[in-house]
Every structure is written in C-alpha cells, then in structure tokens.
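I opened the notebook to look up charge pairs, aromatic rings and a few individual residues. My entries follow in the order I took them.

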Amino acid sequence: MRRTDRYPVEGSNSLWQLYKTVPFVKVAWNFAILQTARYTPFFRVKNWMYRTLLRMEVGEKTAFALMVMPDILFPEKIKVGRNTVIGYNTTILAHEYLVSEYRLGIVEIGDNVMVGANSTILPGVKIGDGAVVSAATLVHRDVPAGAFAGGNPMQIIRMPDESKKEPGK
C-alpha cells in the first residue's frame with residue numbers, strides 16, 4: 001500500500017471542497033510557476049523555480065523534460081534525487097481527491113532514476129536509486145532500487161542482476 005495520509009470529508013465530494021484544504025492563492029501561485037517551468041528549456045532555471053518558488057527537493061543535474069507536471073496543490077511533497085531524468089509529459093501527484101476523502105503522500109524519486117515519457121506517479125510512492133520506469137507507466141507502488149518497471153498497472157519487469165554482487169554479501 002502506498003504511504004498516504006487519509007482525510008475524510010462530509011457532504012459534497014472532496015474536490016468540491018478543495019479550497020478548504022489548500023488556499024486559493026497557493027494554487028494560483030503554483031499554477032503560474034508550474035506553467036512557466038513546464039515550457040522552460042533551461043534545466044537550471046527550471047530546477048531553481050522548483051526548489052525556490054515551490055519548495056520541492058530537487059537534486060543536482062536532475063532534468064525535468066518538457067511538459068512534466070509536478071503536483072499543483074502540494075509540490076513541496078515531491079523529492080527528486082541527483083542526476084535523475086523525468087520524461088516528457090510525466091505527471092507526479094502528491095494528492096488524490098476522491099468522493100469521500102482526500103489523500104496526501106510524499107513522493108520520493110531517488111538518484112540516477114529514469115522515468116519514461118507520459119508516466120504518472122501516484123502519491124506515497126518511492127522509486128529507488130538507479131531504477132528505470134518505462135514510458136506510459138502508472139507508478140502505483142514502490143519501485144525497488146535498480147529495478148526496471150513498466151506497464152499499466154505497473155509491474156516489476158526485472159530486478160538488479162544478483163550475480164554482480166560480491167560473494168558473501
């Protein structure tokens with residue numbers, strides 16, 4: 001199960017109650033920054049915007065491709081390691097608004113990770129160091145370090161080669 005905190009709501013669905021959980025000004029600010037960053041071709045500028053203006057944790061030399069969409073409501077719950085590539089048009093969600101509840105979860109993406117284009121990463125997921133996620137994958141659970149994962153729903157396709165480990169370890 002993903003690591004999310006659950007918040008029940010009463011009455012109308014949780015998305016209809018959005019501005020009871022997130023201030024409108026924060027959403028408007030995040031929207032403006034994210035739309036600018038999505039089209040910015042300069043990785044240093046984009047990463048600076050994410051770190052400084054949205055309080056995301058982004059490691060050195062990480063590259064967010066064109067049109068990547070980090071969570072608009074809770075970008076501060078996204079952590080991405082060093083030297084990682086997030087492919088074109090990938091969505092990284094830290095929230096889920098459902099009919100009778102909403103859920104929040106930290107997304108952790110490790111160092112040297114490759115996430116293929118058009119993938120969606122759900123809240124509360126951890127992608128380990130050196131993992132590869134194929135294009136168009138719905139990441140609905142953790143991906144172990146060094147694993148190759150893909151599909152919808154996501155499956156672990158290959159684990160790191162055990163034969164490369166040192167004897168006795």
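These entries go from salt bridges to rings, then to the surface and to single residues.

**Entry 1: the model**

I am working from a predicted model. I keep that in mind for each distance and angle below.

**Entry 2: salt bridges**

How many salt bridges does the whole structure hold? My search returned 8. I looked at several of them in turn.

I began with Glu101 and Arg6. Their closest N and O atoms are 3.0 Å apart, and the two residues form a salt bridge. This pair links distant parts of the chain: Glu101 sits in strand β9 (residues 101-104) and Arg6 in strand β1 (residues 5-8), 95 residues apart. Is Glu101 buried or exposed? I read 11% relative accessibility for Glu101, so I noted it as buried.

Next I checked Arg82 and Asp111. Their side chains meet in a salt bridge, with 3.1 Å from N to O. This pair also links distant parts of the chain, 29 residues apart. Arg82 is in the loop between β5 (78-80) and β6 (85-86). Asp111 is in the loop between β10 (107-109) and β11 (114-115). Asp111 has a relative accessible area of 16%, and I logged it as buried.

Then I wanted to know which residues are joined into one network by salt bridges that share partners. They are Arg2, Arg6, Glu96, Glu101 and Arg103.

I also took down Arg51 and Glu60. Their salt bridge has its closest N and O atoms 3.8 Å apart. Arg51 is partly exposed at 28% relative accessible area. Glu60 is exposed at 52%.

**Entry 3: aromatic rings**

I counted aromatic pairs next. The structure holds 4. I opened the pair of Tyr7 and Tyr102. The ring centres are 4.9 Å apart and the planes stand at 20°, so I wrote the pair down as stacked. Which parts does this pair tie together? Tyr7 lies in strand β1 and Tyr102 in strand β9, so the tie is between parts 95 residues apart in sequence. For exposure, I have Tyr7 as partly exposed at 33% relative accessibility. Tyr102 is buried at 12%.

The pair of Tyr19 and Phe24 is edge-to-face. I read 5.5 Å from centre to centre and 70° between the planes. Tyr19 is partly exposed, with a relative accessible area of 46%. Phe24 is exposed, with 53%.

I also looked for clusters. Tyr7, Tyr97 and Tyr102 form one aromatic cluster.

**Entry 4: a surface patch**

Tyr19 and Phe24 came up again here. Together with Val25 they make a nonpolar surface patch of about 360 Å². Where is Val25? I found it in helix α2 (residues 24-39). Val25 is exposed, with a relative accessible area of 63%.

**Entry 5: Ala37**

I stayed with helix α2, which also holds Ala37. The relative accessible area of Ala37 is 0%, so I have it as buried. Leaving out residues up to four places away in sequence, I find that Ala37 touches Lys46, Met49 and Tyr50. I also took a C-alpha separation. Ala37 and Val58 are 21 residues apart along the chain, and their C-alpha atoms are separated by 14 Å.

**Entry 6: Ser14**

I went to the loop between β1 and α1 (18-21), where Ser14 has its place. Ser14 is buried at 1% relative accessibility. What does a polar atom of the Ser14 side chain lie 3.1 Å from? I found the backbone oxygen of Glu101. Glu101 is thus in this entry as well as in the salt-bridge one. Aside from neighbours within four places in sequence, Ser14 is in contact with Val9, Tyr97, Leu98, Val99, Glu101 and Tyr102. Tyr97 and Tyr102 are members of the aromatic cluster noted above.

**Entry 7: Thr84**

My last stop was the loop between β5 and β6, where I found Thr84. Arg82 is in that loop too. Is Thr84 buried or exposed? It is buried, with a relative accessible area of 0%. A polar atom of the Thr84 side chain lies 3.3 Å from the backbone nitrogen of Asn112. I then listed what Thr84 touches, not counting residues up to four places away in sequence. The list is Lys61, Thr62, Ala63, Ile109, Gly110, Asp111, Asn112 and Val113. Asp111 I had already met as the salt-bridge partner of Arg82.

Methods: Residues are numbered from 1 along each chain as its sequence is written. This is a predicted model: local features need pLDDT of at least 70, side-chain atom pairs count only at pLDDT 80 or more; totals for chains, interfaces and linings use all residues. Side-chain values use heavy atoms; hydrogens and water are left out. A salt bridge is a side-chain nitrogen of Lys or Arg within 4 Å of a carboxyl oxygen of Asp or Glu. Helices (H or I, at least four residues) and strands (E, at least two) are DSSP runs, numbered from the N terminus. Buried means under 20% relative accessible area, exposed over 50%, partly exposed in between (1.4 Å probe, protein chains only). A polar contact is a pair of N or O atoms within 3.5 Å; within protein, one must be able to donate a hydrogen and the other to accept it, and residues adjacent in sequence count only if both atoms are side-chain atoms. Contact means heavy atoms within 4.5 Å. Rings of Phe, Tyr and Trp (its six-membered ring) pair if their centres lie within 6.5 Å; planes under 30 degrees apart count as stacked, over 60 as edge-to-face and the rest as tilted. Patches are made of residues with over 30% relative accessible area and no salt bridge: like charges are joined within 9 Å, nonpolar side chains (Val, Leu, Ile, Met, Phe, Trp, Tyr) within 5 Å. Accessible areas come from the Shrake-Rupley method with a 1.4 Å probe; for residues, only the protein chains shown count as cover.
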